[in-house]
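I wanted to go through this one with the rings and helix packing in mind. Here are my notes, in the order I looked things up.

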Amino acid sequence: MIDILLIEDDRVLDGALAQRLRLEGFAVRWAETFAEAMDALRLRRPGFVVSDIRLPDGSGEDLYRQAMPYLGDTPVLFVTAFADIGQAVRLVRAGADDYLTKPYDVDVLVARIQALACEPPAEAEPVFGLSSATVGLARDLQRLASRNLPVLLRGETGVGKEVAARHIHAMSPAAAQPFVAVNCGAIARELMESQFFGHERGAFTGAVSAHAGYFEEVGEGTLFLDEIGELDARLQTSLLRVLQDGGFRRLGGRGDLRFRGRIIAATNADLHERIAQREFREDLYFRLAVVELTIPPLRQRRDEIAPLAARFVREAAERNGMPGLRLDEAALAALLVHSLPGNVRELRNRIERAAALVDGDRITPSDLFPEQRLDLVAPVTLADAREQAELDQIEHALALSGGRVSEAARRLGISRTTLWKRRRKNTDSEDDSRQGDPS
């Protein structure tokens, strides 16, 4: 059931709206003020947010800025009077999903929610360990959940670094505490100190009220610092100090506060190169990388493409009310041979776009790859795609093992004989294919 957070101080309007949404099958929480909304977000991440742009104790822009760490990919729709359309447009440009002007048609709002809302992920489904390439990673994540140590996650864009961080948090004793995700590369430098440390009222021009920063908001939960390699040099020094002694102070504050949470950082950058170029502090690196894990790109875990695709199709089908939606065999084969440079994020986005635009209940290769003229490409069977994916995994394991067959077989969870037979079978198939090519 989709959990909707309504933020509105008009009791008559929101009472009627909450009743209508519950009749549509949604779970509804209601906050009347900015402060109540932040408390509700800290308690549990909703599947959709509907917020008035004017609240008794703050504005929509202030709410959106402070709520970002708790929202993740949760859609946000603002409701505004005609006079505040400019602010609503600015919010959409900043990342909000939509806005409606008062008075609005409730049927239109319900349709927007049904189109955009996020179902909570199924807890029973594993997020890693779907192939031999991530079995060890899944085991490490589970071990780390109970140990309050800083973790550095490395990997290409889209491989699932935030998913891994959330997985650690969800399995930890602090699972009921906030998970605050911060993109270090997306915060304006002039706002960084205020965002991380918070500020007191009057600390600088425009500080009309006190503000709790990320270190304070996270409580005893997890602070996820994505793109840590982009952190400003001055903030690197301040973060190091927090990691060393646990103390920090709001801008304009007179007393020290204690950071009681856990830090998980992530990067797709080469931090050793950044250190060599004096762009990243080596002492901060060692503080963050007490445990360092690398999440492999999807092209090195091709066995996971099929189960991940099936999950994303199922989620898209439930979200769009398309119970019969499925990938046809050619579409799955096309995914298995595609390089997927955007990794899991690209896979999800391609499936979600295809589900939104498909004509019927069967997703085809052209639905997944509309930018390609697939009719001019020789068809690939599912068997061929699986054989190629298997061969890629074998060659990757051999490379990691320095050519040692026994070590590669152990990594793949098969015997040496099985590895040799499968490699030879796939190699022979390629040779036969080349011999039969008249060109």
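**Overall picture**

I started with the contacts: of those between residues at least 6 apart in sequence, 70% join residues at least 24 apart. Note to self: this is a predicted model. I count 19 helices and 16 strands in the protein. Of its 439 residues, 46% come out as buried.

**Aromatic pairs**

Next I searched the whole structure for ring pairs and got nine aromatic pairs. I wrote down two of them in detail.

F179 and F224 came up as a stacked pair, with 6.0 Å centre to centre and 25° between the planes. The angle is under 30 degrees, so the pair goes down as stacked. I then checked where the two sit: F179 is in strand β9 (residues 179-183) and F224 is in strand β10 (residues 222-226), so the pair ties together parts that are 45 residues apart in sequence. Are these rings buried or exposed? F179 has a relative accessible area of 9%, so I have it as buried. F224 is buried too, at 1% relative accessibility.

The other pair I looked at is F215 with F259, and this one is edge-to-face: 5.5 Å centre to centre, 75° between the planes. It links distant parts of the chain, 44 residues apart, with F215 in helix α9 (residues 214-217) and F259 in the loop between β12 (257-258) and β13 (262-267). F215 is at 1% relative accessibility, which means it counts as buried. F259 is at 14%, so I put it down as buried as well.

Then I asked which residues form one aromatic cluster. I got F196, F197, Y214, F215, F248 and F259, so both rings of the edge-to-face pair are in there.

**Helix α8 against helix α10**

I moved on to helix α8 (residues 189-197) and helix α10 (residues 233-245), whose axes come within 10 Å and cross at roughly 15°. That makes α8 roughly parallel to α10, because the angle is under 35 degrees. The crossing of α8 past α10 is right-handed.

Which residues make the contact? On the α8 side I listed M192, E193, F196 and F197, and on the α10 side R234, L235, S238 and V242. Sorted by class, that contact has five nonpolar, one polar and two charged residues. I also noticed that F196 and F197 turn up in this helix contact and in the aromatic cluster.

Note on methods. Residues are numbered from 1 along each chain as its sequence is written. This is a predicted model: local features need pLDDT of at least 70, side-chain atom pairs count only at pLDDT 80 or more; totals for chains, interfaces and linings use all residues. Side-chain values use heavy atoms; hydrogens and water are left out. Rings of Phe, Tyr and Trp (its six-membered ring) pair if their centres lie within 6.5 Å; planes under 30 degrees apart count as stacked, over 60 as edge-to-face and the rest as tilted. Helices (H or I, at least four residues) and strands (E, at least two) are DSSP runs, numbered from the N terminus. Buried means under 20% relative accessible area, exposed over 50%, partly exposed in between (1.4 Å probe, protein chains only). Axes are lines fitted to C-alpha atoms, for helices over the stretch in contact, and angles run from 0 to 180 degrees between N-to-C directions. Angles under 35 degrees count as roughly parallel, over 145 as roughly antiparallel, 65 to 115 as roughly perpendicular and the rest as oblique. A crossing is left-handed if the near helix is turned anticlockwise from the far one by less than a right angle, and right-handed if clockwise. Contact means heavy atoms within 4.5 Å. Ala, Val, Leu, Ile, Met, Phe, Trp, Tyr, Cys and Pro count as nonpolar, Asp, Glu, Lys and Arg as charged, and the others, Gly among them, as polar.
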